[in-house]
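Trainee: Could we go through this one together? I'd like to know what stands behind each label.

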There are 2 protein chains.
Amino acid sequence: MNSSLNSIVGRLIEILGKEWVITDREMMESYLRDETPEPMRPKPTSAAVLVKPSSTKEVSQILKLSDEMRIPVFPVGGRTGLVGGSIPTKPGIILSLERMKKISIDRDNLMAVAEAGSTLGDLIKASEDAGLFFPPHPGDEGAQIGGLIATNAGGVRAVKYGVIRSYVKGIEAVLPSGEIITLGGKLLKNNTGYDLMQLIIGSEGTLCVVTKVVIKLHPKSPFTATLILPFPNRSEALKCAKKILLSDIVPLALEYVGLKEILMAAEHLNEEWPVQFGNAQLIITLTGTSEDELLSACEKISRISEEHNVGETVLAERKEEQEKILRVRSNIYTSLKPRMVDILDVTVPPSNLDALMGFVDEVSRRYGVYLPVYGHAGDGNLHIHIMQEEGKEMDYAEKVKREVYEACVRFGGVITGEHGIGKIRTEDIRLVLGKKELELMKEIKKLFDPNNILNPGAVFSKI
Amino acid sequence: MNSSLNSIVGRLIEILGKEWVITDREMMESYLRDETPEPMRPKPTSAAVLVKPSSTKEVSQILKLSDEMRIPVFPVGGRTGLVGGSIPTKPGIILSLERMKKISIDRDNLMAVAEAGSTLGDLIKASEDAGLFFPPHPGDEGAQIGGLIATNAGGVRAVKYGVIRSYVKGIEAVLPSGEIITLGGKLLKNNTGYDLMQLIIGSEGTLCVVTKVVIKLHPKSPFTATLILPFPNRSEALKCAKKILLSDIVPLALEYVGLKEILMAAEHLNEEWPVQFGNAQLIITLTGTSEDELLSACEKISRISEEHNVGETVLAERKEEQEKILRVRSNIYTSLKPRMVDILDVTVPPSNLDALMGFVDEVSRRYGVYLPVYGHAGDGNLHIHIMQEEGKEMDYAEKVKREVYEACVRFGGVITGEHGIGKIRTEDIRLVLGKKELELMKEIKKLFDPNNILNPGAVFSKI
């Protein structure tokens, strides 16, 4: 540990008590990485102090002290990110809010108030226990609420009601100065000044540390059904997806997967995937207020998909069966991970999905590398994996990424739909944002964090 | 006209041509006011030039010139605002984008691209003509898209899918420097840097001039039904509203009105209101993908409302009948306007609506003034009117407003849910926002508009 860090440890212990100031390297090992594929993952610092405050006041004291001493602070959540966003890359403090995990449910207002360290799993459970429903499902349930806000998490269930941003109604956050700000509340409409809350959502721990969040819930779990539709090829699958989205059915989720990748994911989990044929598959989750409503939507989808040579469709209605489908789908990433160089997260206007995937095929052939593609067809958000090829130098990865990003921009898209910029896309962002947009963002960073102590190395603390 | 304005006219004519630079006072009369009640309405300047550019490039040239010469620019839309937001209160340029009104509909992506000068009515029509649907209805259809963005407009149809913010996916805007920025696109997910677009939404023409907007549409007009439920008193109506929101029905709109006010509005329009009894009424609009779905929701509402002594309910299914109900509801404001001092726009957590309305009753009795209250019960957003009392000095209005605002803050609310701050709430905002929040907002204003030329007198150019 370096000397300025050494000198802060005593003062951190005064604030938090000895138990919650961790300097032992082994005990902080899991805080030094996230889910970013290993070849792309930023190298963590060799000098860090891990702190675990129990209250907003303690967070405030830690930040004030760090700001005064110009010591970097890396806020971490569940470390489920894919772009190295929370990895401490400089000597500094790792700030985990895992002890701040209270959730209270306000049934009358259909709102949850969650501390930032509570997990997605906690929130889903607390909502269900109160007879309410939190629709989105941005992947790993170990993700923490603070991280969901910091990354404006998306996931498979964003087609009908939008991403996390749509659910956040209030925020409490601590600025690097230690000042605590509160924005919004249990409010469905609020036009009282500039919406700083929206600016903070998706700011990846670089502007302030979110400590508490007000989240909108839905009344009751609706009836749900999940369909798997196998198509002979991608083009038919995507045409069908487009027609479904243009019908009066708004699915909760509409996913595209290739047969090869979904079977690999099932094998990885030791599960059986219910549809063993059809190279290109759509997985559609529907919600409704009655079984009749769902069945009628299923019939409509069935009629539409028949025009596109669909194979025998599977309809899952039992909760366990639907959860299994979601679980297998969510584990395409983990099954590919061991041989993965990078996972891209581009988003294009949905009508350009087919063209973008065609381009990726062409790149795959040209470089002779396996580039599995799947994702959220309902909202144009694709995950393109760049895989390792045995005996091949990995320098193709950067070139492949660049080509895909440039194509994506040509198609009216952006380089990240949900994963964010983190610490590994800070240069790529220039492909999407102009000089002036970047300048404004950099100035906003300075405004919130004049000494650049918050998550240095991440976007706008670096550019 | 003052001398610096005089000196700019020639240069504006060079940019726009003589026809689109208007100095004649009579021809700009309607640009000097909005829908703010007369006693509260800010006094317009006696020296202004009205310009009507036809392109983003011309907007850019106008702003660059004004910035260099430090001449205020007041962007105006349809002038349907209620807080004097667009009124030019200082000698300067009135910037109307009314000639920039192209709308293109992209059916494949369910998006509209609308220039800022197109109206809400234009957008609704263009969407319908393409077989698509724009759900929100923030009041006057003469409102322009730029104004809807600038004020993050809300309205009656925000319960199910949210306010305008939820529909905006991309923005093109011009900064005071003349630089053009573009943010987002035909994209449903985008985490590429800080979300400046969200910051611009609701910034009331003080940060930049929005010239073009990408707006999400829904597929097809759904089946809709509108119910009017008459209750003997407010308490029963609000209890019923709460239970409906906790059921599995998510209405498109859920409005509360008093019998007296809705009958006045009907009379004002020379229409007959379908329910002549029940002092407190709920107006509920439902959408669904089939008539069966709607009828089943109506039955559920009927069962819930019977527990609250509902009177005979009216169910409107014909489009004309439903439009009439919306029209009468939307005209409570216009019918009250001639005798109105101010219209408040507070928002509280929905569960506190009854308590807030009780407090308003008490204030009404204490001051001996008529304070009609109605609004968007589904999202906790209430409009409280402060009426003139014959023979009474109007100085009670400020006191009443202050008492209501303070109560609203005690109840966890804010002073504006949809109307914004404009030029008449710039002091009141301090009741809701802390010193630090205000400071950050002021610094953001400086960042975008260092010479404070954009809409001076509005929030953060004043505080």
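Mentor: Start with the salt bridge: a side-chain nitrogen of Lys or Arg within 4 Å of a carboxyl oxygen of Asp or Glu. This is a predicted model, where local features need pLDDT of at least 70 and side-chain atom pairs count only at pLDDT 80 or more, while totals for chains, interfaces and linings use all residues. Residues are numbered from 1 along each chain as its sequence is written, chains are lettered from A in the order in which they are written, and side-chain values use heavy atoms, with hydrogens and water left out.

Trainee: What makes B:E179 and A:K436 a salt bridge?

Mentor: Their side chains come to 3.3 Å, N to O, and the limit is 4 Å, so the label fits. Between chain B and chain A the count is 10 salt bridges.

Trainee: Why does the pair A:D342 and A:R425 tie together parts of chain A?

Mentor: The two side chains meet in a salt bridge at 2.9 Å, N to O. A:D342 sits in strand β16 (residues 340-344) and A:R425 in the loop between α12 (396-410) and α13 (435-448), so the pair links parts 83 residues apart in sequence. Helices (H or I, at least four residues) and strands (E, at least two) are DSSP runs, numbered from the N terminus.

Trainee: How many residues does each chain bring to the contact?

Mentor: Chain B gives 77 residues and chain A gives 77 residues; contact means heavy atoms within 4.5 Å. About 6500 Å² is buried between them, 64% of it from carbon and sulfur atoms. Buried area is the accessible area (1.4 Å probe) that two parts lose on being put together, summed over both. B:K189, B:N191 and B:Y194 supply 16% of what chain B buries against chain A, more than any other three residues.

Trainee: Why is α7(A) called roughly perpendicular to α9(A)?

Mentor: Helix α7 (residues 259-269) and helix α9 (residues 319-330) of chain A pack at about 105°, their axes 8 Å apart. Axes are lines fitted to C-alpha atoms, for helices over the stretch in contact, and angles run from 0 to 180 degrees between N-to-C directions. Angles of 65 to 115 degrees count as roughly perpendicular, so the name holds. A:I262 and A:L269 of α7(A) and A:V328 of α9(A) are among the residues making this contact.
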